[in-house]
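Me: I'd like to learn how to read the interface between two protein chains. Can you walk me through one, step by step?

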Protein chains: 2
Amino acid sequence: MPTGLVAFAAATAVVGGPRDYRADLDSRWTVAGRPNGGYLLAVLGRAALEATGQPHVVAASAHYLRPPTPGPVRIEVDVLRSGRTVSQVRATLRQDARDCVVALFTVGGLAAGPVSWSEGVPEVAVPPRDRCQPVGPVGPGGFDVSIMGQVDLRLDPACLGSARGRPSGHAELRGWLALLDGTDFDSVALLYAVDALPPATFEIAPSGWVPTLELTAYVRAQPSPGPVRVVQRAQLIDGGRVDEVCLVWDGTGRLVAQGTQLALIRPA
Amino acid sequence: MPTGLVAFAAATAVVGGPRDYRADLDSRWTVAGRPNGGYLLAVLGRAALEATGQPHVVAASAHYLRPPTPGPVRIEVDVLRSGRTVSQVRATLRQDARDCVVALFTVGGLAAGPVSWSEGVPEVAVPPRDRCQPVGPVGPGGFDVSIMGQVDLRLDPACLGSARGRPSGHAELRGWLALLDGTDFDSVALLYAVDALPPATFEIAPSGWVPTLELTAYVRAQPSPGPVRVVQRAQLIDGGRVDEVCLVWDGTGRLVAQGTQLALIRPA
């Protein structure tokens, strides 16, 4: 298992451009040897910002074709529209000349003032960080979750029954997330945050890998410095697919990102 | 205002291919003269199915660059991966050589058996169809909502306060949707359904047009024949943008589609 800390900025760095970028997928930002889907979206988002000069990712949508391995990849970026307030970008991550992830981005500015209006955002109570349970880089049965050596993810013990052999029966995980390199979350890091938690379905149904088919992220505001609070919920398993919604709040309680994904789920 | 009924299949028809398709955006599937965003996604989805031979749209994500006008458009389709169970497609809608909508699709089969598991899907009570209020093609102040001449949308009167000058104060709209040409919903028509309702924010804040930046749809099952039940909710307005979640159930109560969008919202 690869060890040692790598800065998030370095793990997601892209070089080249303005249309063809190169990146080196880090072997530590992986689960079972495969780069995490949110991490891949962050790498693509970095290229989208580089290509446009816009400050933040506003909305990102990715479809996952085949999982790349750690190592060199190419990112082809097409700036589809350059606007004053937002620009739109198409980006494709390729390895060995094969498309692995294709994504669309709307990039631009983020909210500056206070929240205008909010209703019905779930109230999710998460215990203080020091009473949550850290998730380490070695999972049950020696399962390799290297990425947990790069981040500080602490989950509410009440939602971690499966680790004790007594699944909670609820498909919700909640906790606190920080980057171990000490940097604060920006819009690119939030693209990782919306896919950072283990599958929420582990608490209701044993399964193998839950590979993402589609991941959409909306960044709503620049987070305040420090850890973010994250909740991930599954709603429906049908036809071997599951949806998961993810919400991310900063330390001031502001909702800073929303994620939704559709993934494959197979019985263990 | 254009009148007369056009079949959904005809309004979303594409010809040509396998890479370059042509379509004719119908002047009746419009709001204020502009084709509805879900209708545009349906046209793109039709091309994605044609190009792959897959039966259903499973997941679709679109970013909206500029609104096309009714009339001829070209759709460029790239089949990125052809798989046994799902294929992935990139599709771009262009008018006068300018990109208007860019979308990604995962296409393939849908659930055949019963729902495996469900939790936390909001219970949304909608009155029977005959006690809901039809939405006509002429909105307040003569506003042109031609598309309402093509569909049978009936909303719960309790969520229609703004039409009576007393907004409900809640950003939720709920009702029943059917296609007036009598055809049942398939996965392509569900791409329209997730963007069929007026902005849920009309009940909390007067605003002008609420143009969609990003729209994601997951199709979870083939609906049973007949009208579908639809609810659309906004959660957060921040930085001049609003998110809206849409859920669609068929007549048997099965959740058949989930939509999420990020849109611009400007004070009226």
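Reply: Sure, let's start with a term: a salt bridge here is a side-chain nitrogen of Lys or Arg within 4 Å of a carboxyl oxygen of Asp or Glu. Keep in mind that this is a predicted model.

Me: How many salt bridges are there between chain B and chain A?
Reply: The count is four. Take A:R254, which forms a salt bridge with B:D238, with the closest N and O atoms 2.7 Å apart. Between the two chains there are also 50 residue pairs in polar contact, both partners being at pLDDT 80 or more. On the side of chain B that touches chain A, the residues divide into 29 nonpolar, 18 polar and eleven charged.

Me: And what area do chain B and chain A bury between them?
Reply: The size of an interface is often given as the accessible area lost when the parts come together. Here, chain B and chain A bury about 4800 Å² between them, and 53% of that is on carbon and sulfur atoms. In chain B, the residues that lose the most area to chain A are B:W117, B:R220 and B:Q235, together 15% of what that side buries. As for contacts, 58 residues of chain B touch 58 residues of chain A.

Me: How is chain B laid on chain A?
Reply: You look for the turn and shift that do it. A turn of 180° with a shift of 0.0 Å along the axis lays chain B on chain A, at an RMSD of 0.0 Å. The two copies are thus related as by a two-fold rotation axis. The same surface serves both of them, as 100% of the contact residues of chain B recur in chain A.

Me: Which residue of chain B comes closest to the rotation axis?
Reply: That's B:S61, with its C-alpha at 3.1 Å.

Me: Last one: what lines the largest cavity?
Reply: Both chains contribute: A:L110, A:A111, A:V219 and A:R220 from one, B:D238, B:G239 and B:R241 from the other. By class, that lining has three nonpolar, one polar and three charged residues. The space inside is about 40 Å³, and the count comes to one cavity of 30 Å³ or more. You've already met B:D238 as the salt-bridge partner of A:R254.

Conventions. Residues are numbered from 1 along each chain as its sequence is written. Chains are lettered from A and ligands numbered from 1 in the order in which they are written. This is a predicted model: local features need pLDDT of at least 70, side-chain atom pairs count only at pLDDT 80 or more; totals for chains, interfaces and linings use all residues. Side-chain values use heavy atoms; hydrogens and water are left out. Copies are superposed by least squares on the C-alpha atoms of residues with pLDDT of at least 70 in both. Contact means heavy atoms within 4.5 Å. On a 1 Å grid over the protein atoms alone, a cavity is a set of points where a 1.4 Å probe fits but cannot get out, and a pocket is an open set with protein on both sides within 12 Å along at least five of seven lines; lining residues have an atom within 4 Å of a point. Grid points are joined across faces, edges and corners, and a volume is the space filled by probe spheres set on the points. Ala, Val, Leu, Ile, Met, Phe, Trp, Tyr, Cys and Pro count as nonpolar, Asp, Glu, Lys and Arg as charged, and the others, Gly among them, as polar. Buried area is the accessible area (1.4 Å probe) that two parts lose on being put together, summed over both. A polar contact is a pair of N or O atoms within 3.5 Å; within protein, one must be able to donate a hydrogen and the other to accept it, and residues adjacent in sequence count only if both atoms are side-chain atoms.
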